[in-house]
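Thanks for coming, everyone. I'd like to walk you through one residue and then the ligand site, so let's bring the structure up.

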Amino acid sequence: MEKLYSPYQNMLEVLDDAAQKLGLAYNDYVTLRTPERELIVSVPVVMDDGHTEVFQGYRVQHSSTRGPCKGGIRFHHETNLDEVKALAAWMTWKCAVVNIPYGGAKGGITCDPTKLSEEELRKMTRRYTAMILPIIGPEKDVPAPDVNTDAQVMAWIMDTFSMLKGYAVPAIVTGKPLEIGGSLGRKEATGRGAMLTLRRLLEKLGQKPQGKTVAVQGFGNVGGTGAKLMQEQGFKIVGIGDAFGAIYKSDGIDVPAAIKYAEKNNKSLQGYHENGLQVIGKDELLTLDVDVLFPAALENQINATNMDKIRAKIILEGANGPTTRDADKFLQEKGVVIVPDILTNAGGVIVSYFEWVQNLESFMWDEDYINQHLEKIMNKAFEEVWAIHQEKQVPLRTAAYMLALGRVVKAKKWRGVFP
Ligand code: NAD
(Lines give C-alpha, C1' and ligand atoms only; values in the text may rest on other atoms or scores of the structure.)
Protein backbone atom coordinates (compact mmCIF):
# COMPACT_ATOMS: atom_id res chain seq x y z
CA MET A 1 0.00 0.00 0.00
CA GLU A 2 2.70 2.42 0.99
CA LYS A 3 4.50 1.95 -2.37
CA LEU A 4 1.31 2.75 -4.25
CA TYR A 5 0.31 5.77 -2.17
CA SER A 6 2.70 8.07 -0.43
CA PRO A 7 0.81 9.84 2.37
CA TYR A 8 3.28 12.74 2.16
CA GLN A 9 2.69 13.13 -1.58
CA ASN A 10 -1.05 13.01 -0.88
CA MET A 11 -0.64 15.84 1.66
CA LEU A 12 1.45 17.94 -0.78
CA GLU A 13 -1.14 17.67 -3.54
CA VAL A 14 -3.92 18.87 -1.24
CA LEU A 15 -1.65 21.66 0.04
CA ASP A 16 -0.69 22.89 -3.44
CA ASP A 17 -4.35 22.91 -4.44
CA ALA A 18 -5.32 24.97 -1.36
CA ALA A 19 -2.40 27.37 -1.95
CA GLN A 20 -3.50 27.92 -5.52
CA LYS A 21 -7.11 28.57 -4.43
CA LEU A 22 -5.82 31.07 -1.87
CA GLY A 23 -3.86 32.82 -4.62
CA LEU A 24 -0.54 32.23 -2.85
CA ALA A 25 2.75 32.43 -4.72
CA TYR A 26 4.98 29.34 -4.41
CA ASN A 27 7.43 31.43 -2.43
CA ASP A 28 4.76 32.22 0.19
CA TYR A 29 4.52 28.63 1.36
CA VAL A 30 7.52 26.76 -0.08
CA THR A 31 9.04 26.31 3.41
CA LEU A 32 5.90 24.41 4.45
CA ARG A 33 6.37 21.80 1.72
CA THR A 34 9.24 20.21 3.68
CA PRO A 35 9.44 19.43 7.42
CA GLU A 36 11.69 21.63 9.55
CA ARG A 37 13.46 18.65 11.08
CA GLU A 38 13.53 14.85 10.55
CA LEU A 39 15.27 12.65 13.09
CA ILE A 40 15.88 8.93 12.57
CA VAL A 41 17.08 6.96 15.57
CA SER A 42 18.20 3.39 16.18
CA VAL A 43 16.63 1.95 19.30
CA PRO A 44 18.42 -1.09 20.73
CA VAL A 45 16.46 -3.32 23.10
CA VAL A 46 17.76 -6.36 24.99
CA MET A 47 14.86 -8.73 24.40
CA ASP A 48 13.51 -11.18 27.00
CA ASP A 49 15.49 -14.08 25.46
CA GLY A 50 18.76 -12.12 25.76
CA HIS A 51 19.34 -11.15 22.11
CA THR A 52 19.52 -7.47 21.09
CA GLU A 53 16.99 -6.13 18.60
CA VAL A 54 17.48 -2.73 16.94
CA PHE A 55 14.26 -0.88 16.05
CA GLN A 56 14.07 2.15 13.78
CA GLY A 57 12.40 5.21 15.30
CA TYR A 58 11.47 8.65 13.95
CA ARG A 59 10.51 12.10 15.15
CA VAL A 60 9.57 14.64 12.50
CA GLN A 61 8.86 18.29 13.24
CA HIS A 62 6.99 19.79 10.33
CA SER A 63 6.46 23.34 11.55
CA SER A 64 7.03 25.35 14.72
CA THR A 65 5.81 28.61 13.21
CA ARG A 66 2.70 28.96 15.40
CA GLY A 67 4.10 27.42 18.60
CA PRO A 68 5.76 24.29 19.99
CA CYS A 69 5.47 21.22 17.76
CA LYS A 70 2.76 18.77 18.81
CA GLY A 71 1.95 15.25 17.69
CA GLY A 72 1.53 11.63 18.62
CA ILE A 73 3.82 8.61 18.62
CA ARG A 74 2.84 5.49 16.69
CA PHE A 75 4.08 1.92 17.17
CA HIS A 76 3.28 -0.07 14.04
CA HIS A 77 5.05 -2.60 11.81
CA GLU A 78 4.39 -0.48 8.68
CA THR A 79 5.45 2.87 10.17
CA ASN A 80 8.04 4.57 7.96
CA LEU A 81 9.54 8.03 7.43
CA ASP A 82 7.12 9.05 4.66
CA GLU A 83 4.13 8.22 6.86
CA VAL A 84 5.56 10.07 9.87
CA LYS A 85 6.33 13.13 7.70
CA ALA A 86 2.73 13.20 6.46
CA LEU A 87 1.36 12.75 9.97
CA ALA A 88 3.57 15.62 11.21
CA ALA A 89 2.35 17.95 8.46
CA TRP A 90 -1.28 17.01 9.11
CA MET A 91 -0.70 18.06 12.75
CA THR A 92 0.42 21.53 11.58
CA TRP A 93 -2.78 21.94 9.55
CA LYS A 94 -4.97 20.45 12.29
CA CYS A 95 -3.66 22.81 15.00
CA ALA A 96 -4.06 25.73 12.61
CA VAL A 97 -7.59 24.80 11.54
CA VAL A 98 -8.80 24.79 15.15
CA ASN A 99 -6.54 27.75 15.93
CA ILE A 100 -4.56 26.42 18.89
CA PRO A 101 -1.01 27.74 19.36
CA TYR A 102 0.97 24.72 18.21
CA GLY A 103 2.98 23.57 15.23
CA GLY A 104 2.98 19.98 13.99
CA ALA A 105 5.14 16.92 14.69
CA LYS A 106 4.83 13.17 14.79
CA GLY A 107 6.90 10.19 15.86
CA GLY A 108 6.91 6.47 15.52
CA ILE A 109 8.79 3.23 15.81
CA THR A 110 8.65 0.47 13.20
CA CYS A 111 7.72 -2.50 15.36
CA ASP A 112 4.90 -4.94 15.96
CA PRO A 113 3.85 -4.16 19.55
CA THR A 114 1.62 -7.25 19.67
CA LYS A 115 4.82 -9.35 19.55
CA LEU A 116 6.57 -7.48 22.37
CA SER A 117 6.31 -8.26 26.06
CA GLU A 118 5.45 -5.39 28.40
CA GLU A 119 9.06 -5.25 29.57
CA GLU A 120 10.35 -5.05 25.97
CA LEU A 121 7.80 -2.33 25.17
CA ARG A 122 8.85 -0.36 28.25
CA LYS A 123 12.56 -0.57 27.39
CA MET A 124 11.91 0.36 23.75
CA THR A 125 9.82 3.38 24.78
CA ARG A 126 12.40 4.59 27.28
CA ARG A 127 15.34 4.25 24.91
CA TYR A 128 13.42 5.94 22.09
CA THR A 129 12.60 8.83 24.46
CA ALA A 130 16.27 9.16 25.38
CA MET A 131 17.23 9.17 21.69
CA ILE A 132 14.79 11.95 20.73
CA LEU A 133 15.35 13.87 23.98
CA PRO A 134 17.48 16.66 22.44
CA ILE A 135 14.58 17.83 20.27
CA ILE A 136 11.56 17.39 22.58
CA GLY A 137 10.42 19.39 25.60
CA PRO A 138 7.34 21.27 26.86
CA GLU A 139 8.44 24.39 25.00
CA LYS A 140 9.82 22.56 21.92
CA ASP A 141 7.82 19.48 20.97
CA VAL A 142 5.18 17.64 23.00
CA PRO A 143 4.34 13.99 22.08
CA ALA A 144 0.99 12.25 22.64
CA PRO A 145 -0.63 8.85 22.00
CA ASP A 146 -1.40 7.52 18.53
CA VAL A 147 -1.90 4.03 17.08
CA ASN A 148 -0.81 1.36 19.60
CA THR A 149 0.42 3.83 22.21
CA ASP A 150 -1.60 4.68 25.29
CA ALA A 151 -1.50 6.35 28.71
CA GLN A 152 1.05 3.79 29.97
CA VAL A 153 3.45 4.55 27.12
CA MET A 154 3.02 8.29 27.81
CA ALA A 155 3.78 7.66 31.50
CA TRP A 156 7.06 5.91 30.54
CA ILE A 157 7.99 8.84 28.28
CA MET A 158 7.19 11.34 31.05
CA ASP A 159 9.23 9.34 33.56
CA THR A 160 12.23 8.92 31.25
CA PHE A 161 12.33 12.62 30.36
CA SER A 162 11.89 13.59 34.04
CA MET A 163 14.63 11.20 35.24
CA LEU A 164 17.08 12.61 32.72
CA LYS A 165 16.18 16.19 33.69
CA GLY A 166 16.22 15.49 37.41
CA TYR A 167 12.69 16.74 38.22
CA ALA A 168 9.09 15.89 37.21
CA VAL A 169 8.11 17.39 33.86
CA PRO A 170 4.42 16.51 33.30
CA ALA A 171 4.08 18.93 30.35
CA ILE A 172 6.49 16.84 28.23
CA VAL A 173 3.63 14.62 26.95
CA THR A 174 -0.15 14.66 26.84
CA GLY A 175 -2.53 11.72 27.10
CA LYS A 176 -0.91 10.75 30.41
CA PRO A 177 -2.69 8.93 33.25
CA LEU A 178 -4.66 11.35 35.46
CA GLU A 179 -2.45 10.53 38.45
CA ILE A 180 0.62 12.13 36.83
CA GLY A 181 -1.00 15.18 35.29
CA GLY A 182 -3.29 13.77 32.61
CA SER A 183 -6.46 15.66 31.78
CA LEU A 184 -10.05 14.66 32.34
CA GLY A 185 -11.73 14.13 28.99
CA ARG A 186 -8.50 13.50 27.01
CA LYS A 187 -9.12 9.79 26.34
CA GLU A 188 -12.56 10.49 24.84
CA ALA A 189 -11.62 13.79 23.18
CA THR A 190 -10.93 12.62 19.62
CA GLY A 191 -14.08 10.49 19.46
CA ARG A 192 -16.10 13.29 21.07
CA GLY A 193 -14.79 15.80 18.54
CA ALA A 194 -15.73 13.45 15.68
CA MET A 195 -19.24 13.02 17.08
CA LEU A 196 -19.65 16.80 17.48
CA THR A 197 -18.44 17.35 13.91
CA LEU A 198 -20.90 14.81 12.52
CA ARG A 199 -23.76 16.35 14.51
CA ARG A 200 -22.89 19.80 13.20
CA LEU A 201 -22.71 18.53 9.63
CA LEU A 202 -26.16 16.95 9.88
CA GLU A 203 -27.56 20.24 11.21
CA LYS A 204 -26.18 21.98 8.11
CA LEU A 205 -27.70 19.31 5.88
CA GLY A 206 -31.05 19.60 7.70
CA GLN A 207 -30.88 16.00 8.95
CA LYS A 208 -31.13 14.31 12.36
CA PRO A 209 -28.88 11.62 13.88
CA GLN A 210 -31.80 9.36 14.84
CA GLY A 211 -31.60 6.09 12.92
CA LYS A 212 -28.72 7.17 10.65
CA THR A 213 -26.53 4.12 10.03
CA VAL A 214 -22.77 4.16 10.62
CA ALA A 215 -19.92 1.76 9.75
CA VAL A 216 -16.74 2.17 11.80
CA GLN A 217 -13.32 0.95 10.68
CA GLY A 218 -10.87 0.74 13.60
CA PHE A 219 -12.16 0.09 17.08
CA GLY A 220 -9.46 1.63 19.25
CA ASN A 221 -9.43 4.98 20.99
CA VAL A 222 -10.96 7.00 18.13
CA GLY A 223 -13.28 4.40 16.57
CA GLY A 224 -14.51 2.87 19.83
CA THR A 225 -15.17 6.13 21.67
CA GLY A 226 -16.56 7.83 18.56
CA ALA A 227 -18.98 4.94 17.95
CA LYS A 228 -20.12 4.92 21.58
CA LEU A 229 -20.80 8.67 21.64
CA MET A 230 -22.55 8.55 18.26
CA GLN A 231 -24.79 5.75 19.49
CA GLU A 232 -25.71 7.88 22.52
CA GLN A 233 -26.81 10.60 20.05
CA GLY A 234 -29.16 8.22 18.21
CA PHE A 235 -26.92 6.99 15.37
CA LYS A 236 -27.18 3.27 14.63
CA ILE A 237 -23.76 1.59 14.52
CA VAL A 238 -24.36 -1.32 12.14
CA GLY A 239 -20.79 -2.29 11.27
CA ILE A 240 -17.51 -2.23 13.16
CA GLY A 241 -14.11 -3.68 12.38
CA ASP A 242 -10.52 -3.77 13.51
CA ALA A 243 -7.20 -5.24 12.35
CA PHE A 244 -8.54 -8.74 12.99
CA GLY A 245 -11.95 -8.71 11.26
CA ALA A 246 -15.37 -7.04 10.99
CA ILE A 247 -18.97 -7.55 12.14
CA TYR A 248 -22.39 -6.37 10.99
CA LYS A 249 -25.82 -6.15 12.63
CA SER A 250 -28.65 -4.43 10.78
CA ASP A 251 -30.47 -3.19 13.89
CA GLY A 252 -27.35 -1.87 15.58
CA ILE A 253 -24.44 -3.31 17.57
CA ASP A 254 -24.27 -2.84 21.35
CA VAL A 255 -21.15 -0.64 21.26
CA PRO A 256 -20.38 -0.48 25.03
CA ALA A 257 -20.55 -4.30 25.17
CA ALA A 258 -18.21 -4.59 22.17
CA ILE A 259 -15.77 -2.12 23.77
CA LYS A 260 -15.77 -4.12 27.01
CA TYR A 261 -15.14 -7.32 25.06
CA ALA A 262 -12.22 -5.83 23.06
CA GLU A 263 -10.65 -4.45 26.25
CA LYS A 264 -10.55 -7.94 27.75
CA ASN A 265 -9.59 -9.64 24.47
CA ASN A 266 -6.24 -8.03 23.69
CA LYS A 267 -7.88 -5.06 21.89
CA SER A 268 -9.52 -7.42 19.37
CA LEU A 269 -13.20 -7.95 18.50
CA GLN A 270 -12.49 -11.48 17.31
CA GLY A 271 -15.02 -13.86 18.86
CA TYR A 272 -17.45 -11.11 19.92
CA HIS A 273 -21.05 -12.25 19.64
CA GLU A 274 -24.59 -10.85 19.86
CA ASN A 275 -27.85 -12.29 18.53
CA GLY A 276 -28.30 -11.34 14.88
CA LEU A 277 -24.63 -10.46 14.41
CA GLN A 278 -22.84 -11.47 11.21
CA VAL A 279 -19.10 -11.77 10.65
CA ILE A 280 -18.21 -9.93 7.44
CA GLY A 281 -15.00 -9.29 5.50
CA LYS A 282 -12.81 -6.33 6.45
CA ASP A 283 -13.19 -4.94 2.92
CA GLU A 284 -16.95 -5.46 2.99
CA LEU A 285 -17.18 -3.18 6.03
CA LEU A 286 -16.02 -0.19 3.99
CA THR A 287 -18.55 -0.80 1.22
CA LEU A 288 -21.64 -1.28 3.42
CA ASP A 289 -24.76 0.62 2.38
CA VAL A 290 -24.70 3.10 5.27
CA ASP A 291 -25.30 6.81 5.78
CA VAL A 292 -21.91 7.40 7.38
CA LEU A 293 -18.57 5.68 6.99
CA PHE A 294 -16.22 6.46 9.88
CA PRO A 295 -12.68 5.31 9.03
CA ALA A 296 -10.73 5.36 12.30
CA ALA A 297 -7.76 3.06 11.66
CA LEU A 298 -4.92 3.94 9.26
CA GLU A 299 -4.07 5.86 6.06
CA ASN A 300 -5.00 4.90 2.49
CA GLN A 301 -7.95 2.67 3.40
CA ILE A 302 -10.31 4.27 0.87
CA ASN A 303 -8.43 4.10 -2.42
CA ALA A 304 -8.60 3.26 -6.12
CA THR A 305 -9.24 -0.41 -5.38
CA ASN A 306 -12.50 0.18 -3.51
CA MET A 307 -13.67 3.75 -4.26
CA ASP A 308 -16.28 2.71 -6.83
CA LYS A 309 -17.84 0.34 -4.28
CA ILE A 310 -18.22 2.88 -1.45
CA ARG A 311 -21.92 3.46 -0.79
CA ALA A 312 -21.82 5.78 2.24
CA LYS A 313 -23.18 9.30 1.73
CA ILE A 314 -20.87 10.84 4.31
CA ILE A 315 -17.25 9.92 5.09
CA LEU A 316 -16.19 11.20 8.49
CA GLU A 317 -12.39 10.88 8.60
CA GLY A 318 -11.50 9.83 12.15
CA ALA A 319 -8.13 8.41 11.08
CA ASN A 320 -5.41 10.57 9.60
CA GLY A 321 -5.22 10.32 5.82
CA PRO A 322 -7.71 7.45 5.32
CA THR A 323 -8.66 8.61 1.80
CA THR A 324 -6.15 8.69 -1.06
CA ARG A 325 -6.19 11.66 -3.42
CA ASP A 326 -7.68 9.71 -6.35
CA ALA A 327 -10.46 8.27 -4.18
CA ASP A 328 -11.08 11.70 -2.68
CA LYS A 329 -11.60 13.29 -6.11
CA PHE A 330 -13.73 10.37 -7.35
CA LEU A 331 -16.03 10.39 -4.31
CA GLN A 332 -16.37 14.20 -4.24
CA GLU A 333 -17.52 14.06 -7.86
CA LYS A 334 -20.03 11.37 -6.91
CA GLY A 335 -21.48 13.76 -4.31
CA VAL A 336 -20.16 12.05 -1.19
CA VAL A 337 -19.59 14.54 1.63
CA ILE A 338 -16.10 13.97 3.03
CA VAL A 339 -15.32 15.64 6.36
CA PRO A 340 -11.52 15.90 6.45
CA ASP A 341 -9.31 14.37 9.12
CA ILE A 342 -7.69 17.67 10.09
CA LEU A 343 -11.10 18.89 11.27
CA THR A 344 -12.89 15.69 12.34
CA ASN A 345 -10.17 14.28 14.59
CA ALA A 346 -8.89 17.58 16.04
CA GLY A 347 -10.64 16.99 19.38
CA GLY A 348 -7.65 14.98 20.63
CA VAL A 349 -5.11 17.71 20.13
CA ILE A 350 -7.50 20.34 21.52
CA VAL A 351 -7.77 18.50 24.86
CA SER A 352 -4.04 17.73 24.68
CA TYR A 353 -3.58 21.49 24.51
CA PHE A 354 -5.81 21.82 27.61
CA GLU A 355 -3.71 19.16 29.36
CA TRP A 356 -0.46 20.98 28.55
CA VAL A 357 -1.89 24.30 29.76
CA GLN A 358 -3.08 22.67 33.02
CA ASN A 359 0.41 21.18 33.50
CA LEU A 360 2.13 24.51 32.89
CA GLU A 361 -0.28 26.23 35.31
CA SER A 362 -0.20 23.35 37.83
CA PHE A 363 -3.96 23.70 38.00
CA MET A 364 -6.66 21.13 37.15
CA TRP A 365 -9.87 21.90 35.30
CA ASP A 366 -13.08 19.91 35.74
CA GLU A 367 -14.50 17.71 33.00
CA ASP A 368 -17.55 19.84 32.18
CA TYR A 369 -15.35 22.87 31.63
CA ILE A 370 -13.07 20.82 29.35
CA ASN A 371 -15.93 19.35 27.31
CA GLN A 372 -17.64 22.73 26.95
CA HIS A 373 -14.45 24.35 25.72
CA LEU A 374 -13.75 21.45 23.37
CA GLU A 375 -17.21 21.85 21.85
CA LYS A 376 -16.78 25.61 21.52
CA ILE A 377 -13.49 25.26 19.63
CA MET A 378 -14.74 22.40 17.42
CA ASN A 379 -17.91 24.29 16.52
CA LYS A 380 -16.05 27.48 15.70
CA ALA A 381 -13.63 25.62 13.43
CA PHE A 382 -16.51 23.77 11.75
CA GLU A 383 -18.34 27.05 11.08
CA GLU A 384 -15.21 28.66 9.65
CA VAL A 385 -14.54 25.70 7.34
CA TRP A 386 -18.19 25.53 6.32
CA ALA A 387 -18.22 29.25 5.46
CA ILE A 388 -15.23 28.85 3.10
CA HIS A 389 -16.81 25.71 1.60
CA GLN A 390 -19.99 27.68 0.84
CA GLU A 391 -18.41 30.93 -0.25
CA LYS A 392 -15.69 29.48 -2.48
CA GLN A 393 -17.67 26.43 -3.58
CA VAL A 394 -14.80 24.06 -2.68
CA PRO A 395 -14.90 20.66 -0.92
CA LEU A 396 -14.66 20.68 2.87
CA ARG A 397 -11.10 19.32 2.70
CA THR A 398 -9.93 22.18 0.47
CA ALA A 399 -11.77 24.67 2.70
CA ALA A 400 -10.07 23.29 5.84
CA TYR A 401 -6.64 23.46 4.19
CA MET A 402 -7.30 27.01 2.97
CA LEU A 403 -8.18 28.08 6.51
CA ALA A 404 -5.16 26.32 8.02
CA LEU A 405 -2.62 27.30 5.39
CA GLY A 406 -3.81 30.90 5.43
CA ARG A 407 -3.17 31.05 9.18
CA VAL A 408 0.28 29.46 9.02
CA VAL A 409 1.39 31.63 6.10
CA LYS A 410 0.26 34.80 7.90
CA ALA A 411 2.22 33.73 10.99
CA LYS A 412 5.27 33.03 8.81
CA LYS A 413 5.05 36.46 7.22
CA TRP A 414 5.16 38.14 10.64
CA ARG A 415 8.16 36.09 11.69
CA GLY A 416 10.06 36.26 8.37
CA VAL A 417 12.77 33.86 7.23
CA PHE A 418 15.69 33.63 9.67
CA PRO A 419 18.36 35.09 9.54
P1 NAD B 1 -5.67 2.65 18.36
O2 NAD B 1 -4.39 1.92 18.35
O3 NAD B 1 -6.34 2.94 19.65
O4 NAD B 1 -6.74 1.88 17.43
C5 NAD B 1 -6.48 1.53 16.10
C6 NAD B 1 -7.57 0.59 15.64
O7 NAD B 1 -7.41 0.34 14.24
C8 NAD B 1 -7.52 -0.79 16.32
O9 NAD B 1 -8.84 -1.24 16.57
C10 NAD B 1 -6.85 -1.67 15.26
O11 NAD B 1 -7.18 -3.04 15.40
C12 NAD B 1 -7.42 -1.07 14.01
N13 NAD B 1 -6.66 -1.38 12.80
C14 NAD B 1 -5.30 -1.36 12.64
N15 NAD B 1 -4.99 -1.76 11.40
C16 NAD B 1 -6.16 -2.00 10.76
C17 NAD B 1 -6.48 -2.44 9.45
N18 NAD B 1 -5.53 -2.70 8.56
N19 NAD B 1 -7.80 -2.60 9.14
C20 NAD B 1 -8.77 -2.33 10.05
N21 NAD B 1 -8.52 -1.90 11.30
C22 NAD B 1 -7.23 -1.74 11.64
O23 NAD B 1 -5.41 3.99 17.53
P24 NAD B 1 -6.22 5.36 17.60
O25 NAD B 1 -5.54 6.24 18.57
O26 NAD B 1 -7.66 5.09 17.73
O27 NAD B 1 -5.91 5.96 16.16
C28 NAD B 1 -6.66 5.62 15.01
C29 NAD B 1 -6.47 6.69 13.95
O30 NAD B 1 -6.89 7.96 14.47
C31 NAD B 1 -5.05 6.91 13.46
O32 NAD B 1 -5.06 7.31 12.11
C33 NAD B 1 -4.57 8.06 14.32
O34 NAD B 1 -3.49 8.76 13.73
C35 NAD B 1 -5.83 8.89 14.35
N36 NAD B 1 -5.91 9.85 15.46
C37 NAD B 1 -5.81 9.45 16.76
C38 NAD B 1 -5.93 10.39 17.77
C39 NAD B 1 -5.92 10.01 19.24
O40 NAD B 1 -6.20 10.89 20.07
N41 NAD B 1 -5.64 8.78 19.61
C42 NAD B 1 -6.13 11.75 17.46
C43 NAD B 1 -6.25 12.12 16.12
C44 NAD B 1 -6.12 11.16 15.14
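A residue counts as buried when its relative accessible area is under 20%, and as exposed when that area is over 50%. Keep in mind that what you see is a predicted model.

Let's begin with T174. Where is T174 found? It is in the loop between α5 (151-165) and α6 (186-205). Is this residue buried or exposed? T174 has a relative accessible area of 0%, so it is buried.

Now for the company T174 keeps. Its side chain makes two polar contacts that I'd like to point out: with the side chain of K70, at 2.8 Å, and with the side chain of S352, at 2.7 Å. Leaving aside residues up to four places away in sequence, T174 also touches others, including V142, P143, A144, P145 and M154. E355 and W356 are among the residues it touches as well.

On to the ligand. How many residues surround it? There are 22, and the closest are D146, T190, N221, V222 and N320. By class, this shell has eight nonpolar, nine polar and five charged residues.

Here are some distances for the bench folks. D146 has a polar side-chain atom 2.6 Å from a ligand oxygen, and R186 has one 3.2 Å from an oxygen atom of the ligand. With N221, a polar backbone atom lies 2.9 Å from a ligand oxygen. Taken alone, the ligand exposes 830 Å², and the protein buries 87% of that. As for elements, α6 and α7 (221-232) are the ones that give two or more residues to the shell.

Definitions and conventions: Residues are numbered from 1 along each chain as its sequence is written. This is a predicted model: local features need pLDDT of at least 70, side-chain atom pairs count only at pLDDT 80 or more; totals for chains, interfaces and linings use all residues. Side-chain values use heavy atoms; hydrogens and water are left out. Helices (H or I, at least four residues) and strands (E, at least two) are DSSP runs, numbered from the N terminus. Buried means under 20% relative accessible area, exposed over 50%, partly exposed in between (1.4 Å probe, protein chains only). A polar contact is a pair of N or O atoms within 3.5 Å; within protein, one must be able to donate a hydrogen and the other to accept it, and residues adjacent in sequence count only if both atoms are side-chain atoms. Contact means heavy atoms within 4.5 Å. A residue is near a molecule or strand if one of its heavy atoms lies within 4 Å of it. Accessible areas come from the Shrake-Rupley method with a 1.4 Å probe; for residues, only the protein chains shown count as cover. Ala, Val, Leu, Ile, Met, Phe, Trp, Tyr, Cys and Pro count as nonpolar, Asp, Glu, Lys and Arg as charged, and the others, Gly among them, as polar.
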